[in-house]
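Reader: I should like a close look at one part of this model. Please explain it in full and define each term for a first-year student.

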Amino acid sequence: MCGKGEVTVDNKVITRPMVWKTYIVPLIIIALSFILAGYFIISSISTFLFENMAKNSIAQAENHMSRLSNSISAINVIDQLLEEKLMTANTAILNNRDKLSNNFLKGMARDLGVDEIYWYNPQGEIVYTATKYIGWKATKGHPVHDFMHSDRDVLIEDIRRDTESDRYLKYAYAKVPSGEFVQTGILADNIYELTKDFCTASFIETLVDSENVLAAYFIDAGEDILFCEGEIDREYTLDDMEKEAMEGDRTYYAKKTYNNMDAYEILLPIHVDGTNIGMLIVFYSLEETNRLIKNVSLIVLALLIFVFLSYSYMRVDIGRKNREIEELAYLDSITQLPNRSYFIKFLKKRLKAERWAKKALLIVHCHNLNLIKLIFGHDILNELLLEKADCLRNLRVEGEHLFRYFEGNFFIYIEDYEDREQLIKKSDQILEKLDEVAQSMENSRLITTRIGVLELDESYENVDDVIKHVEITIDRLKRLENESYWIFDEAMHRELILDQIIEKELRRATFDGYDDEFYLVYQPQIDLETNKIIALEALARWNNEELGMVSPLRFIRVAESSQLIVPLGEWILTQACKFMRSLEDRGISGIKVAVNISIVQLLREDFTKQLLKIVEETGIEPENLELEITESNFIGNYEIINRKLDKLRKMGISISLDDFGTGYSSLARLEKLNIDVLKIDKSFIDNIRSSDQEDVLIRSIILLANQLGLRVVAEGVETHEQKEYLAAEACDIVQGYLFSKPVPEKKAVELIEKINLRDMDARP
Ligand code: C2E
Ligand code: CA
Ligand code: CA
């Protein structure tokens, strides 16, 4: 038993090949471009921040450097002044050494502007002083002791703290040959305080104190570290690049690791009075910059992720909406199976991609759908169709694809099968299963299923070829009598070629004129009440020199598909009207002639005009002309056709709806259709007495037609039984082999004269 299948299984047919293409590939590309963009943005931001920091650090270091070099110059100037003063004082004291006394030195100190003067004996003991410390003696290691024992005559010391007074002083010494010497000193507390700020060491100290400096070195021209502050690396040696910068007397900077920390090293040459006195090396911490870069990168990353996610969401959302639209366009609403449009799209791809693979279509055709619709209505029909679809869905195996082509035609697409035998076996299985299910469902039995097998070998290059053969196969399936499947094979191919020849011949005949090979035959319609001929249906015949007699079903189909039906139909109409004229001329009146009109003709804008012209030219009574049209092609043109029919009826021409019951319109529509006659299709008549259902149907058709004031013609009446039944059901008119086959003009006239005038002759 076949259950309800999962709709989604078939949706996948539609969506599966698209997922990669629509989402994954574009999203991967977008993700990659975002990663790349992110990388570039972050690396340019970090480069910018580094450069910025380098610039700032260099500016800062240069600022320090200029302060350093200025301060060194300033100290030098002051120092020189003090030196000169002390030297002058020493010279003055040496020149007046004969006047030496404490008081004299006191006066000299005042006059010379120095703070301390001491006179030492050759043993280094103070003998005279301008202040105090008489008897003080320099001990070993003391600067005074060092000078005394040196072979120098003169010495000027750098400012230093005095060992006794603990104050800062600058001292100068001068020796005389006897070994006595003078020491003058100027208090330099203030100057020291002043210069201290400027001195290199303290400068470096303050430099290191500033926030982002890890360490600072001052290296003199001999590459000796003179001062250093911060986390000192005593082993510090210059690398080649640094040495080169130093020798080249230029600024150099680079990213480095300093004591396992990310740092930025800047080397700045220090100049004092135009000469290079060494190099200032500062290590700036990159911690702050790194943090900044990290934060900025995080923000950029977050932004990019946000944009990426928004974009992806939009993409997926749009994709989903597109898919919904696509599903609407590609899914059959009743069965939820991929529809005809999707089949065509699908097939196009397969024909291209799998040209050499073994491919086949199993065309499952459900017969009698119109009957079901007429009897039970739309809803039941749809229910039955869904049931068939579900059953097929469950029978389908992996790799097979199921479609609802249109109406009751389902396709199973199979690839890589073994041979035709396998397809036939599969078809049998399907038919068996469908039958099994149908037996268990009440109304399902009325639908008979047939399968057409169409193998798509490599000769099928495009979808049009396949569709053409599909249509032929379906057409064949419709007309099958006893068989339940049909294989499209070489014979069918030949048929198609024959169609092409027919078209060629039709075209030629259109140019040469139809008269030589085309003619009309007429089939009588009998009024059941009077048993007289009340109308004749004109039917076209073609006896072609090459092809022999060609079936009208066939050449009309070819003529319709090639539009050649327009000139041919016009010729047929003219012939029929000429015949009507000849009947009237013979004094036979009141016999209608019904001419079959193709929808292709009817849809032509100039159809009514053409018809009017023929009617006028032949001079017939329009009331005797009947046009037979088939409802199967109404779909989509219903309004236009109905308006045209109205116009024709107003001209007096009557309209007959041919093949009623085989099309797709319904009884409900009849009321609005501008027609006069209803022709019940032969298939209904064939089934008379074979099924009670059908009897009910014919009865209700006749009843409704009578109610609507329509005449009812039953066509294809072959047996007395059928005739009796129809007569009992108040069917007005019958047509069929039981009374007469379609006959040539002459014979038709004879029939009318024989049947209609029989009683007249008998009259007195
Ligand atoms: P149709 O209009 O339904 O014509 C009725 C067909 O049923 C005719 O076949 C007729 O010969 C056949 N028929 C009538 N009574 C019986 C019967 O008792 N038993 C059986 N088995 N058949 C019967 P025909 O002449 O072969 O025409 C076939 C179809 O070709 C027509 O079907 C019509 O659709 C088309 N056709 C024929 N002549 C023309 C024409 O001049 N113009 C157009 N547009 N179509 C035409
Ligand atoms: Ca007809
Ligand atoms: Ca018919």
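Author: Asp659 counts as partly exposed, because its relative accessibility is 22%. Buried residues have under 20% relative accessible area and exposed ones over 50%, with partly exposed residues in between, for a 1.4 Å probe and the protein chains only. The model is predicted, so local features need a pLDDT of at least 70 and side-chain atom pairs count only at pLDDT 80 or more, while totals for chains, interfaces and linings use all residues. Side-chain values rest on heavy atoms, without hydrogens and water; residues are numbered from 1 along each chain as its sequence is written, with chains lettered from A and ligands numbered from 1 in written order.

Asp659 belongs to the site of the calcium ion (ligand 3). Its protein donors are Asp658 (OD), Asp659 (OD), Glu715 (OE) and again Glu715 (OE), at 2.1 to 2.6 Å from the ion. A donor is an N, O or S atom within 2.8 Å of the metal, or 3.2 Å for Na, K and Ca; as water is not among the atoms, a site may look incomplete. Along the chain, the donors of this ion are spaced D-D-x55-E. Asp659 is in strand E22 and Glu715 in strand E24 (residues 711-715), so this pair, 56 residues apart, links distant parts of the chain. Helices (H or I, at least four residues) and strands (E, at least two) are DSSP runs, numbered from the N terminus. Unlike Asp659, which is partly exposed, Glu715 is buried, as its relative accessible area is 11%.

Which residue coordinates both calcium ions, ligand 2 and ligand 3? That residue is Asp658, and the two ions lie 4.1 Å apart. The calcium ion (ligand 2) has as its protein donors Glu537 (OE), Asn596 (OD1), Glu628 (OE) and Asp658 (OD), at 2.0 to 2.3 Å. In sequence these donor residues follow the spacing E-x58-N-x31-E-x29-D. Glu628 is part of strand E21 (residues 625-630) and Asp658 of strand E22 (residues 654-660); the pair therefore ties together parts that are 30 residues apart in sequence. Glu628 and Asp658 are both buried.

Glu537, a donor to the calcium ion (ligand 2), has a further partner. Its side chain meets that of Lys679 in a salt bridge, at 2.7 Å from N to O. Glu537 lies in strand E18 (residues 532-544) and Lys679 in strand E23, so this pair ties together parts that are 142 residues apart in sequence. A salt bridge means a side-chain nitrogen of Lys or Arg within 4 Å of a carboxyl oxygen of Asp or Glu. Glu537 counts as buried because its relative accessibility is 4%, and Lys679 is buried because its value is 0%. In general, side chains of opposite charge can pair when their charged atoms come close.

Ahead of strand E23 (677-680) comes a loop that starts after helix H19 (667-670), and Ile675 is found in it. Ile675 is buried, because its relative accessible area is 3%. Beyond its neighbours within four places in sequence, Ile675 is in contact, that is, with heavy atoms within 4.5 Å, with Leu645, Arg649, Ile655, Leu657, Leu670 and Leu710. The C-alpha atoms of Ile675 and Arg649 are separated by 8.0 Å, although the two residues are 26 apart along the chain.

Arg649 also forms a salt bridge with Asp676, with 3.2 Å between the closest N and O atoms. Arg649 is in helix H18 (residues 638-650) and Asp676 in the loop between H19 and E23, so the pair, 27 residues apart, links distant parts of the chain. Arg649 is partly exposed because its relative accessibility is 31%, whereas Asp676 is buried because its relative accessible area is 18%.

The whole protein gives these details a setting. Its secondary structure comes to 24 helices and 25 strands, and buried residues make up 47% of its 764 residues. Among contacts between residues at least 6 apart in sequence, 65% join residues at least 24 apart. The structure holds 40 salt bridges.
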